[in-house]
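Work through the exercises below with the sequence and the model open. Each task is followed by a stepwise solution.

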Amino acid sequence: MCGIIGYVGSENAVPIIVEGLKKLEYRGYDSAGIAVYGQDGFDLVKQKGRLAALEERLKDRPLTGRLGIGHTRWATHGEPSDINSHPHVGSKGRIAVVHNGVIENYKEIKERLKRKGVSFASQTDSEVIAQLAEYYYDGDLLDAVIKAAGAMEGSYALGFMCLDEPGVLIAIKKDNPLIVGVSEHGRFIASDVPAVLKHTNAVYYLNDKEIAVLTENDARFYNLDREQIQKNIEIVTWSLDSAEKGGWPHFMLKEIMEQPKVLRDTIASAIGNGENKNIIGNLDIARFDKIVITACGSAYNAGVVAKYVFERLCRISVEVELASEFRYKDAIINEKTLVILISQSGETADTIAAMREAKQKGAVTLSIVNVVGSAIAKESDHCLFTLAGPEIAVATTKAFSAQLALLYLLAIRLAVVSGKLTQESERELRSAIAALPDKVTEILERVDFIQKFASNCVGYKSIFFIGRNIDYAIALEGSLKLKEISYIHSEAYAGGELKHGPISLIEENTLVVAISNCQRLYGKIMSNVEQVVSRGAKVLLLCACPNAEETDRLSTFLLPETHELFSPTLSVIVLQLFSYYVAANKGLDIDKPRNLAKSVTVE
Ligand code: F6R
């Protein structure tokens, strides 16, 4: 939540920062701002609303400078407004800062500084950082940053400039991501790699409480004791194209369409010669008597799917917990528990906290993460990487599919190692997984049906998703996807639960999306379908049964056949496309749904 960027170098910082902010807008879009070190000191423009509004302002008030910082905001403290936008400058006008995170003790700091005569302009927690740094500043910005860090509690990724130190950009982070990029013409800081990919793929990943001191030709790193530390530069393999829309109307559609490739790459990394294979192969499964999966949002839904797969194949008990609940429940786990953390960003605050809680209790942590260098990737005991490339749309699609693929392959491996599955069955299941990308392509080729069906669904106030067993698990994801981008209320229910309450919500022309890949439960879900149709509902049925009927109240999308346990990978494609086209027909801002941000780095 919130994206920050900074540049110091030989080129004009303004277009570099604005372009970078475009790549970070998924992290928040309540306001945007930029400050540069111009000819006569700081020049600053900040504006409530999307980055486009800032760009408009910059047309009337062009800035130039070779050092600058920028910010795109997801408001936590203080309403979205020009004054609460970043960058914040201290009341002496000497230090400017951009911040991603939350300063938990900002009220105490503010009171303390007010007593010393400092006056505040905004309602944000972030302004105290600029004020604190100015308060401590005594001719040395690094020193002031270290002192300010010592006084702050909470999470932060920060970029600083100081009027007395032209050509110097300083950054520090704690519990929020920050990378340092190095190119021929300068040095960058950014919340995420895509923001700098146009200029460089050579980056340093900052660890907590590490400080970067950057000039046009130099990048030095320090700890809070001001000792210089050595860091290794890493080369990012993500291509610039993967972070561009490339002619698609939305990143979400582009990312849905990329799924066959993402699945192929991710599967190959786990069953070919990729790094994921070594990690899965070396996991000492015999020591575990329980698996706990914890994550948030869609990643949690991937965990619910995985519970069915692990329990069926490995016959081991699996608990799935929302990370925001897990961290506060005093979970019953120990060194015999495998805790699986799932996170696209690897930076979700609740999932990080759950991981730390699990480690502290002695459990073994295995993460499934998309972003290399992220906190969860670095801190978990083992990490499997989804090879989804940068995911820009706020609503996850391709990373979710890649998570599922790794979870299936992990479950199969654990089942073999624990003697629950023969090697022959392993081969069969793996080849079913290897066939998934082509089946996904088959579905994507039938996008017209989904687009047409969705175009008639924009008027619904509420849509229900039902399924049984693993189909229920994927119904959860269908419902989340729809509500977050189309703003239509939706609920997912296990089919058997309908008559225990939710059926009272079914009335004439309610839409129910029913998913039926569990052949053995086909009859059961069809009787749910009959129950809702007889109460006036319209139904979209996703199933692999070629004899499924069609009526004026029942439309069927025939899914390619696959193993029941892997069918969520196919159902979810239809569910993603359905949500996408409903939202597109409503003319909504699909890649940046209201109130949301992609990387939820605050609690
Ligand atoms: C929904 C969505 C969110 C994320 C959730 C966890 O489309 O994208 O629900 O799944 O915020 O994020 P990560 O996976 O980054 O931990």
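Contact here means heavy atoms within 4.5 Å. Helices (H or I, at least four residues) and strands (E, at least two) are DSSP runs, numbered from the N terminus. This is a predicted model, in which local features need pLDDT of at least 70 and side-chain atom pairs count only at pLDDT 80 or more, while totals for chains, interfaces and linings use all residues. Residues are numbered from 1 along each chain as its sequence is written, and side-chain values use heavy atoms, with hydrogens and water left out.

**Exercise 1.** Find which residues of α7 and α15 meet, and state how the two helices are oriented.

Solution.
- On the α7 side, the residues are Gln259, Pro260, Leu263, Arg264 and Ile267; on the α15 side, they are Pro437, Asp438, Val440, Thr441 and Leu444.
- Sort these residues by type: six are nonpolar, two polar and two charged. Ala, Val, Leu, Ile, Met, Phe, Trp, Tyr, Cys and Pro count as nonpolar, Asp, Glu, Lys and Arg as charged, and the others, Gly among them, as polar.
- Next take the axes, which are lines fitted to C-alpha atoms, for helices over the stretch in contact; angles run from 0 to 180 degrees between N-to-C directions. Those of α7 (residues 259-271) and α15 (residues 436-444) come within 8 Å and cross at roughly 175 degrees.
- Therefore α7 is roughly antiparallel to α15. Angles under 35 degrees count as roughly parallel, over 145 as roughly antiparallel, 65 to 115 as roughly perpendicular and the rest as oblique.

**Exercise 2.** Repeat the analysis for α16 and α19.

Solution.
- The axes of α16 (residues 447-455) and α19 (residues 568-585) come within 8 Å, crossing at roughly 45 degrees.
- That angle makes α16 oblique to α19.
- From α16, the contact uses Val447, Ile450, Gln451, Phe453, Ala454 and Ser455; α19 supplies Val574, Leu577, Phe578, Tyr581, Val582 and Asn585.
- By type, nine of the residues in this contact are nonpolar, three are polar and none is charged.

**Exercise 3.** Locate the cis peptide bond that precedes Pro87, and the positive phi of Asn469.

Solution.
- The bond from His86 to Pro87 is cis, with omega near -5 degrees.
- Pro87 sits in the loop between β4 (67-73) and β5 (88-89).
- Asn469, a residue other than glycine, has a positive phi, near 55 degrees.
- The loop that holds Asn469 runs between β21 (462-467) and α17 (470-486).
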